[in-house]
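Take a look at the model below. The notes after it walk through how the chain is put together and which side chains pair up.

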Amino acid sequence: MKNIMIDLQNEIHRGEHSLDDIARIYDVPRDWVDLAFDEVLEQYRFEDQDMGDIFLNEGYEEDE
């Protein structure tokens, strides 16, 4: 199942199909696609936090 979750996440990243379409294409329950989507969102959230912290910290250091 791990490989299929990676495939689903990659498909979501591509953004070419709806979540329902992805479930049909991969012949998996929509719940699996939702789990993959949640993981993708979590990855984006962490990436945004990391970049935000870098820029905020640099900005504060320059002001001091």
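What follows goes from the overall layout to the core, and then to the salt bridges.

**The layout**

First off, this is a predicted model. The protein chain has three helices and zero strands, and from the N terminus on the elements simply run α-α-α. Helix α1 covers residues 2-14, helix α2 covers residues 19-26 and helix α3 covers residues 30-63.

How much of the chain counts as buried? Of its 64 residues, 20% do. The chain exposes about 5000 Å², and carbon and sulfur atoms supply 50% of that area. As for contacts, take those with a separation of 6 or more: residues 24 or more positions apart account for 46% of them.

**The core**

In soluble globular proteins, nonpolar side chains tend to be buried together. Here the largest nonpolar core has eleven residues: Ile-4, Met-5, Leu-8, Ile-12, Leu-19, Ile-22, Ala-23, Val-28, Val-33, Ala-36 and Val-40. Each of α1, α2 and α3 supplies at least two residues of this core. Which helix gives the most to this core? That would be α1, with four residues.

Helix α2 is worth a stop of its own. Leu-19, Ile-22 and Ala-23 are buried there. Looking down the axis of α2, you'd find its buried residues within an arc of 100°, so they line one face of the helix. Ile-22 is a handy one to click on: leaving out residues up to four places away in sequence, Ile-22 touches Leu-8, Glu-11, Ile-12, His-17 and Val-33. Leu-8, Ile-12 and Val-33 are also members of the nonpolar core. Just after α2 comes Asp-27, whose phi is positive, near 55°.

**The salt bridges**

How many salt bridges does the structure hold? There are five, and the table lists three of them, with the distance between the closest N and O atoms.

| Acidic residue | Basic residue | N to O distance |
|---|---|---|
| Asp-20 | Arg-30 | 2.5 Å |
| Asp-34 | Arg-30 | 2.8 Å |
| Glu-42 | Arg-45 | 2.7 Å |

Start with the salt bridge between Asp-20 and Arg-30. This pair links distant parts of the chain, with Asp-20 in α2 and Arg-30 in α3, ten residues apart. Are these two buried or partly exposed? Asp-20 counts as partly exposed because its relative accessibility is 40%, and Arg-30 is partly exposed too, at 33%.

Arg-30 also forms a salt bridge with Asp-34. This time both residues lie in α3, four residues apart, or about one turn of the helix. Asp-34 has a relative accessible area of 26%, so it is partly exposed.

Further along α3, the side chains of Glu-42 and Arg-45 meet in a salt bridge of their own. Glu-42 and Arg-45 are about one helical turn apart, because they sit three residues from each other in α3. Glu-42 has a relative accessible area of 30%, so it is partly exposed, and Arg-45 counts as partly exposed at 38%. Back at the other two pairs in the table, salt bridges that share partners join Asp-20, Arg-30 and Asp-34 into one network.

Key. Residues are numbered from 1 along each chain as its sequence is written. This is a predicted model: local features need pLDDT of at least 70, side-chain atom pairs count only at pLDDT 80 or more; totals for chains, interfaces and linings use all residues. Side-chain values use heavy atoms; hydrogens and water are left out. A salt bridge is a side-chain nitrogen of Lys or Arg within 4 Å of a carboxyl oxygen of Asp or Glu. Buried means under 20% relative accessible area, exposed over 50%, partly exposed in between (1.4 Å probe, protein chains only). A nonpolar core is a set of buried Ala, Val, Leu, Ile, Met, Phe, Trp, Tyr and Cys residues joined through side-chain atoms within 4.5 Å. Contact means heavy atoms within 4.5 Å. The arc is that of the directions from the helix axis to the C-beta atoms. Accessible areas come from the Shrake-Rupley method with a 1.4 Å probe; for residues, only the protein chains shown count as cover.
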